[in-house]
Amino acid sequence: MNSEQGSSWLGRRVRVEVERVAHGGHCVARAEGRVLFVRHALPGELVTVEVTEDRGGSFCRADAIEVHAAHPGRVTAPCQYAGPGGCGGCDWQHANPQTQRELKGAVVREQFERLAGLEVKVEVEALDPPDLRWRTRMQYAVARDGSLGMRRHRSHDVQPIDDCLIATTDVAEPALFAQRWKPAVEVDVEAGADHRRVVSEMTANKKWSYATGSSHTSTHRAAGRSWKVRGGGFWQVHPQAADVLTAAAVSMAGPIPGDRVLDLYCGMGLFAAAMGESVGPTGYVLGIEGSHTAVRDGVAQLGDLPQVELRQGQVTGDRIREAASVVPTEDAGAYDIVVLDPPRKGAKREVCVAIAQLRPRAIVYVACDPAALARDVASFAESGYQLRGLRAFDAFPMTHHVECVALLA
C-alpha cells in the first residue's frame, strides 16, 4: 500500500535493484511506484533495504542492509562506525576511491544537465591523501556521558567513537576521545601545517571558548604564503585543497599585470592574495567578505600587497554595484575578473546578475555544491556568460561532497 493512502513504510524491508547515483550521498531505487533514496548502496546492485524515514508522498529513505549482487567497486568499509545506523559523516566508505570519484563526476554532470541544460565533461581529480587521514578539522558531538562522537545520519543521536579515519592524527588523537567533555553542542578540533591543535567548545548558548591548554590559531600553507587561522575560522579542511583550488582559479582567470579583480566571499583573502601577486602593483584587487573576523585577520596578513584591499560586508547586488565605483571605468567594465566562492547555497540570481553587469572578461566560480553551481551558471547564461571550463576535485574523500571550479566568459 502506498504511504499516501495512510500506511507508513518505516521499518519495512524490500528487495530492490539500485539505479543511478543521486546528489546527497545516496542512490535511487524504486518499489511499488515509490522512489527510495538508498544509502550504503551503489548503482546496479541488487540489495535488500530497510526504510529509515517515511513522511508520506512519492519517496522515502532507506539503508541497504544486505547486498545480493555487488558493484565491482564495492569494498568493506574501513571504519567500524560506517554503515546503516552508524556515523552519518561518510557516504561512500563502501566504495573504492576511484569509484567514489566516478560517482561524484556523474552527480556533477547530472546537476548541470538538469539545472543548467548543459552537457559537461568532467572527471573528478584526486588530491593527496586520496581517502583516509586527510581532514584537518573535525566537529565532534558530545554524548550524554561526555564522550565524543558523530551524529547519525539525519539525526541528533550521537554515535560514540574512539577514532575517525578520515581525520588527521592531530585532530583524532586518542587523548581527545579518552577525555570526558562537559555538555556542549559540539567540540571543534583543528590543526594546520604546524600541527598545533586548536580545540574550541560551543556551548548551548552558542558561545565558543578555547579548551584549556589549546592554541588559539593554526598555521596553514597555500598560494606560497603562510596563513594563521583562528579557531572556528574558515579554512579548507583538506590539506591540499586551498593550494589546488587557488592554482585552478588563477589558471582559469588568466590575470595579467594591471588587471582589476573583484573577489567575493573572500574570507581571509586566499584568492585575493594570489590574484594580487599576478596583477602586480599596477593592478587592484578588492575582496568583500561578511565576517568581520576574517577580514581583520586577512588585512593583518596581506600588508605586503598594497594592491589588495579587503572590505567587510555582505555580498549583495547593491554591494557589487557599489564596488564598481572604486575603480576607473573608461573601458568595457569595472573589473577584468570576478572570483566568487559562495557558501553551499550558492550566490543566487541577484548576485549573478550584478556580477554580469560589471562585464568582466572572466568569472571564476569556486563551488562546494554542484547543484548550486549549476543553478547559478544558468543565471549567468541569462546575461550572456557561458561556461568555458570546469574542473572538479575530490577534496572530501569518503563523503559525497566535491569542489568545483568553473570559468564563465
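**Second largest pocket**

I started with the lining of the second largest pocket and sorted it by class: three residues are nonpolar, eight polar and six charged. The model is predicted, so I treat every value here as computed from predicted coordinates. The volume of this pocket comes to about 250 Å³. I then looked for the residues closest to its centre. Of 17 lining residues, these are Thr52, Asp63, Gly85, His153 and Arg154. Which elements give two or more residues to this lining? I found β4 (34-39), β5 (46-53) and β6 (59-69). β6 gives the most, with three residues.

**His94**

Next I looked up His94. I located it in the loop between β6 and α1 (97-116). Is His94 buried or exposed? Its relative accessibility is 7%, so it counts as buried; the cut-off for buried is under 20%. I checked where its side chain goes. The side chain of His94 reaches the backbone oxygen of Ala41 at 3.0 Å. I also listed the contacts of His94, leaving aside neighbours within four places in sequence. They are His40, Ala41, Leu42, Gly73, Arg74 and Val75. Ala41 thus turns up in both searches, as a contact of His94 and as the residue whose backbone oxygen the His94 side chain reaches.

**Cavities**

I turned to enclosed space. How many cavities of 30 Å³ or more are there? The count is two.

The largest cavity holds about 60 Å³ of space. I noted its lining: Val21, Ala22, His23, Gly24, Trp92, Lys104, Val107, Pro370, His400 and Val402. β2 (21-22) and α1 each supply at least two of these residues. By class, I have six nonpolar, three polar and one charged.

The second largest cavity has a volume of about 40 Å³. Thr136, Arg137, Glu190, Ala191, His220, Gly233, Trp235 and Gln236 line it. Its lining divides into two nonpolar, four polar and two charged residues.

**Confidence**

Last, I checked pLDDT. The mean for the protein chain is 94. I found that 95% of the residues reach 70 or more. Where does pLDDT stay under 50? It does so over residues 1-5. The model has 14 contacts beyond four places in sequence for that stretch. Where pLDDT is low, the predicted coordinates should not be read in detail. I therefore leave those contacts as a bare count.

Definitions and conventions
Residues numbered from 1 in each chain as written. Predicted model: local features only at pLDDT ≥ 70, side-chain atom pairs only at ≥ 80, totals over all residues. Heavy atoms only, no water. 1 Å grid on protein atoms, 1.4 Å probe; cavity = no way out; pocket = protein on both sides within 12 Å on 5 of 7 lines; lining within 4 Å. Points joined across faces, edges and corners; volume = space filled by probe spheres on them. Helix = DSSP H or I, 4+ residues; strand = E, 2+ residues; numbered from the N terminus. Nonpolar A, V, L, I, M, F, W, Y, C, P; charged D, E, K, R; others polar. Buried < 20%, exposed > 50% of the residue type's maximum accessible area, 1.4 Å probe, protein only. Polar contact = N/O pair within 3.5 Å; in protein donor to acceptor, adjacent residues only side chain to side chain. Contact = heavy atoms within 4.5 Å. pLDDT = per-residue confidence, 0-100.
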